[in-house]
Amino acid sequence: MTAPLIDPFARAISYLRLSVTDRCDFRCVYCMSENMTFLPKRDLLTLEELDRLCSAFIRLGVQKLRITGGEPLVRRDIMTFFRGMTRHLESGALEELTVTTNGSQLEKYAADLAAAGVKRINVSLDTLDEAKFAEITRWGRLPQVLRGIDAAQKAGLRVKINAVALKGFNEDELFTLTDWCTSRGIDLTFIEVMPMGDIGNEDRFGQYWSLKDLRARLAERHTVTDIPQRTGGPARYVQLETGLKIGFITPLSHNFCESCNRVRITCTGEIYTCLGQEGHSDLRGPLRATEGDAPLEDAIRAAIALKPKGHDFDYSRQTVDGQVSRHMSHTGG
Ligand code: SAM
Ligand code: SF4
């Protein structure tokens with residue numbers, strides 16, 4: 001039995017979020033600029049390398065794997081990777097395989113994901129208004145995503161919606177979103193907009209809608225009860241009297257770092273042990289250096305030994321402090 005990964009602050013690392021591509025078929029305004037330059041394809045880890053990397057983490061104790069991007073489902077042949085991970089689910093070494101997606105390709109892949117052993121997916125959806133959806137995603141089309149969500153539910157996947165809370169944009173849709181999720185048996189999580197990457201002319205602070213305010217708004221119409229559910233991540237949960245569970249991801253107004261159990265890997269094999277810090281280590285070099293996995297496992301342990309205590313995002317002075325230069329699509333949200 002290999003010793004599990006423990007960081008310098010005694011946190012066990014059991015959750016890996018892996019970005020399999022930096023590319024996307026949308027250009028959400030808070031995430032990307034309209035003219036993004038993507039990485040040369042040769043810099044990306046191959047599907048075989050992604051498999052080796054995940055398998056090494058699973059050997060070292062990772063039990064939960066989330067595939068993200070960019071848009072993970074636009075990566076060519078990505079189902080081959082998912083099917084590869086099925087063996088770890090079947091052996092019991094991996095407890096859960098999940099995906100975060102914009103939903104555009106779900107109609108095509110929902111059944112394949114379910115067959116590979118995926119049970120839950122997160123779909124990002126900030127608005128149910130077709131025109132607003134096109135505005136916020138620039139290139140996305142709402143009906144395609146809704147068809148994808150239908151396909152996912154039909155395939156038996158449990159769906160959770162991730163909505164970025166955006167001032168002046170989806171504030172007026174709060175109850176439309178909660179009612180829609182309740183009626184479809186879908187959980188909902190709100191995310192505060194984070195200062196990541198240069199996204200052109202957007203005004204970060206202007207976009208910021210505090211989830212404290214959002215919660216107060218919810219309470220005008222619903223009974224909002226805190227529930228003790230924890231995932232080791234930044235989400236805190238409440239339940240409405242309708243039964244709807246709502247998560248709040250509040251990296252800016254709360255600090256959640258003390259129970260952080262996760263690390264992130266980019267599509268080029270850089271490991272970021274904290275979403276809110278610039279520090280990272282390279283795993284592609286050790287991965288490509290030899291066919292054996294010993295150098296890779298050493299590099300993983302060395303990277304975990306550098307995991308920082310926490311992030312420094314701070315909006316409290318009415319400006320964006322602690323901003324990191326990379327885009328969310330680089331590290332994977
Ligand atoms: N393309 C997939 C999707 O949209 O679900 C996966 C990658 S995306 C980067 C993951 C999540 O990050 C999405 O829910 C998106 O809304 C969120 N996100 C992107 N940029 C963000 C930002 N600056 N602040 C907060 N959330 C952000
Ligand atoms: Fe693409 Fe997801 Fe970023 Fe939107 S949030 S641009 S869908 S990676």
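Select ligand 1 in this predicted model and display its surroundings: the ligand is enclosed by 19 residues, and the closest are Tyr30, Gly70, Glu71, Ser124 and Met194. By class, this shell holds seven nonpolar, nine polar and three charged residues.

Next, colour the strands. Strand E3 (96–101), strand E5 (158–165) and strand E6 (187–192) each contribute at least two residues to the shell around ligand 1.

Then turn to the individual atoms of ligand 1. Begin with Tyr30, where a polar backbone atom is 3.2 Å from a nitrogen atom of the ligand. Move to Gly70, which has a polar backbone atom 3.0 Å from a nitrogen atom of ligand 1. Finish this group with Ser124: here a polar side-chain atom of the residue lies 2.5 Å from an oxygen atom of ligand 1. A surface display may now be added. Ligand 1 taken alone exposes 540 Å², and the protein buries 96% of that.

Keep Gly70 selected and proceed to ligand 2, since Gly70 belongs to the surroundings of this ligand also. The other residues to select around ligand 2 are Cys24, Phe26, Cys28, Cys31, Met32 and Asn102. How many charged residues does the shell around ligand 2 have? The shell has no charged residues; five of its residues are nonpolar and two are polar.

The last stop is a pair of helices. Select residues 47–59 for helix H1 and residues 294–304 for helix H10. Two packed helices are described by the angle between their axes and by the distance between those axes. For H1 and H10, the angle is about 65° and the axes are 10 Å apart. The crossing of H1 past H10 is right-handed.

Now show the side chains at this contact. On H1, select Arg52, Leu53, Ala56, Phe57 and Arg59; on H10, select Leu296, Glu297 and Ile300. Colouring these residues by class gives five nonpolar, no polar and three charged residues in the contact of H1 with H10.

Technical notes. Residues are numbered from 1 along each chain as its sequence is written. Chains are lettered from A and ligands numbered from 1 in the order in which they are written. This is a predicted model: local features need pLDDT of at least 70, side-chain atom pairs count only at pLDDT 80 or more; totals for chains, interfaces and linings use all residues. Side-chain values use heavy atoms; hydrogens and water are left out. A residue is near a molecule or strand if one of its heavy atoms lies within 4 Å of it. Ala, Val, Leu, Ile, Met, Phe, Trp, Tyr, Cys and Pro count as nonpolar, Asp, Glu, Lys and Arg as charged, and the others, Gly among them, as polar. A polar contact is a pair of N or O atoms within 3.5 Å; within protein, one must be able to donate a hydrogen and the other to accept it, and residues adjacent in sequence count only if both atoms are side-chain atoms. Accessible areas come from the Shrake-Rupley method with a 1.4 Å probe; for residues, only the protein chains shown count as cover. Helices (H or I, at least four residues) and strands (E, at least two) are DSSP runs, numbered from the N terminus. Axes are lines fitted to C-alpha atoms, for helices over the stretch in contact, and angles run from 0 to 180 degrees between N-to-C directions. A crossing is left-handed if the near helix is turned anticlockwise from the far one by less than a right angle, and right-handed if clockwise. Contact means heavy atoms within 4.5 Å.
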